[in-house]
Amino acid sequence: MIELKNVVKSYKLGTKRVDVLKNISFTIQDHSYVSIVGPSGSGKSTLIHTIGGMEPIDEGEIWVNDQAVHQLNDKHLAKLRQNMISYVFQQFQLLPTATALENVMMPLLTVFSSGFVKQRAENALKRVGLAHRLHHLPTRLSGGEQQRVAIARALITDPEIILADEPTGNLDSETGSNIIHLLEEIHKEKGVTVVVITHDEGIAERTNRQIQILDGKLLTK
Ligand SMILES: Nc1ncnc2c1ncn2[C@@H]1O[C@H](COP(=O)(O)OP(=O)(O)OP(=O)(O)O)[C@@H](O)[C@H]1O
């Protein structure tokens, strides 16, 4: 379960303060498929970054299962992202000098033996339909294939939650639709909670619940 209680977050820009999240509270139950929608700059990315502890909050509480994310130190936040939460980004964020297999292995390389991690990475790449692209560099993959590698990298840790920040934003509509279907299959197969930020109404309508953000505030629960 993800629970936000009265979350407040601002950024400092020089002497100015930008209030980005203004007293946000909501709960996302286990095994959910949820979208976060709202205009550009309304705070969607900041919101999901705070859930995985990638951005600290100023006030409030963030709970993921029994873990108080707002109180965890860097070491425990890293563990949270190794054990429970994975991210998928619009720009894929693959290491350009590493092959698909090496990119997928990365989150677990410091945790388990390389032989074990390689086996898991191969399985994850197979799951996303890329068993034939293990040794390709990202530059030799299409956008859709790169996003599949990123999803395999998200899957290797066997997460309970995948937070996807406009995962189709860099893809044509057909490729984007395939990527959304893949995330939906993973949600159904493994019961993974998928939270997807999207500007695409069609994608938002496919989710079981839409969380609407406007100017840092929640519109609906
Ligand atoms: N690191 C930062 N430093 C300063 N301001 C920031 C930072 N990150 C985001 N902001 C500001 O916070 C606000 C919310 O940004 P955020 O990226 O969360 O919005 P968003 O809803 O995800 O937008 P988009 O749909 O365009 O991705 C914006 O005004 C943005 O300029």
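1. In this predicted model, L163 stands opposite V195, a residue of strand 8. The two strands concerned are strand 7, residues 161-165, and strand 8, residues 193-197. They pair in the parallel sense, and 5 bridges connect them. Helix 5, residues 143-155, packs on the sheet and touches strand 6 and strand 7. The direction of helix 5 makes about 170° with that of strand 6.

2. V195 also has a partner in strand 3: it is the bridge partner of V34. Strand 3 covers residues 33-37 and pairs with strand 8 in the parallel sense over 4 bridges. Strand 3 is joined to strand 9, residues 209-214, by 4 bridges as well, and this pair runs parallel. Here V37 has Q212 as its bridge partner.

3. What is the order of the strands in this open sheet? The 6 strands are arranged as 6-7-8-3-9-10, and the pairing is mixed. Strand 6 and strand 10 (217-218) each have a single partner strand, so each has one side without a neighbour in the sheet. As a reminder, strands of a sheet pair through backbone hydrogen bonds, in either the parallel or the antiparallel sense.

4. A second open sheet has 4 strands in the order 2-1-4-5, with antiparallel pairing. Its edges are strand 2 (16-28) and strand 5 (67-68); each has a single partner strand, so one side of each lacks a neighbour in the sheet. Strand 4, residues 59-64, pairs with strand 5 over 2 bridges, in the antiparallel sense. In this pair W63 is opposite A68 of strand 5.

5. The surroundings of the ligand deserve a separate look. Among the residues around the ligand are Y11, L13, V18 and V20. The stretch from S40 through G41, S42, G43, K44 and S45 to T46 also belongs to the surroundings, as does G38. By class, the shell holds 4 nonpolar, 7 polar and 1 charged residues.

6. Which elements supply at least two residues each of the shell around the ligand? They are strand 1 (2-13), strand 2 and helix 1 (44-51). The largest share, 3 residues, comes from helix 1.

7. Helix 1 is also mostly covered, with 6 of its 8 residues buried. The buried residues of helix 1 are K44, T46, L47, I48, T50 and I51. K44 and T46 are also listed among the residues surrounding the ligand. After helix 1 comes G53, which has a positive phi, near 75°.

8. Is M84 in a helix, a strand or a loop? M84 is found in the loop between helix 2 (74-83) and strand 6 (85-89). With 18 other C-beta atoms within 10 Å, M84 is partly exposed, because the buried class begins at 20 such atoms. M84 is in contact with V64, P159, E160 and I161, if its neighbours within four places in sequence are left aside. For M84 and E160, the separation in sequence is 76 residues, while their C-alpha atoms are 5.1 Å apart in space.

9. V104 can be set beside M84. V104 lies in helix 3, residues 100-105. V104 has 31 other C-beta atoms within 10 Å and is therefore buried. Apart from neighbours within four places in sequence, the contacts of V104 are A121, A124, L125, V149, A152, R153 and I156. Of these, V149, A152 and R153 fall within the residue range of helix 5, 143-155. V104 and R120 are 16 residues apart along the chain, and 8.9 Å separates their C-alpha atoms.

10. Some totals for the protein chain complete the note. The secondary structure comes to 7 helices and 10 strands. Of the 221 residues, 38% count as buried. Among contacts with a separation of 6 or more, 68% are between residues 24 or more positions apart. The C-alpha atoms fill a box of roughly 45 × 40 × 35 Å along the principal axes. The radius of gyration is 17 Å; a compact globule with 221 residues would have a value near 17 Å, so the two agree.

Key. Residues are numbered from 1 along each chain as its sequence is written. This is a predicted model: local features need pLDDT of at least 70, side-chain atom pairs count only at pLDDT 80 or more; totals for chains, interfaces and linings use all residues. Two strands pair if DSSP finds at least two bridges between them. A residue is near a molecule or strand if its C-beta atom, placed from the backbone, lies within 6 Å of it. Ala, Val, Leu, Ile, Met, Phe, Trp, Tyr, Cys and Pro count as nonpolar, Asp, Glu, Lys and Arg as charged, and the others, Gly among them, as polar. A residue is buried if 20 or more other C-beta atoms lie within 10 Å of its own, exposed if 12 or fewer, and partly exposed in between; C-beta atoms are placed from the backbone. The radius of gyration is taken over C-alpha atoms; the globule rule is 2.2 Å times the number of residues to the power 0.38. Two residues are in contact if their C-beta atoms, placed from the backbone, lie within 7 Å. Axes are lines fitted to C-alpha atoms, for helices over the stretch in contact, and angles run from 0 to 180 degrees between N-to-C directions.
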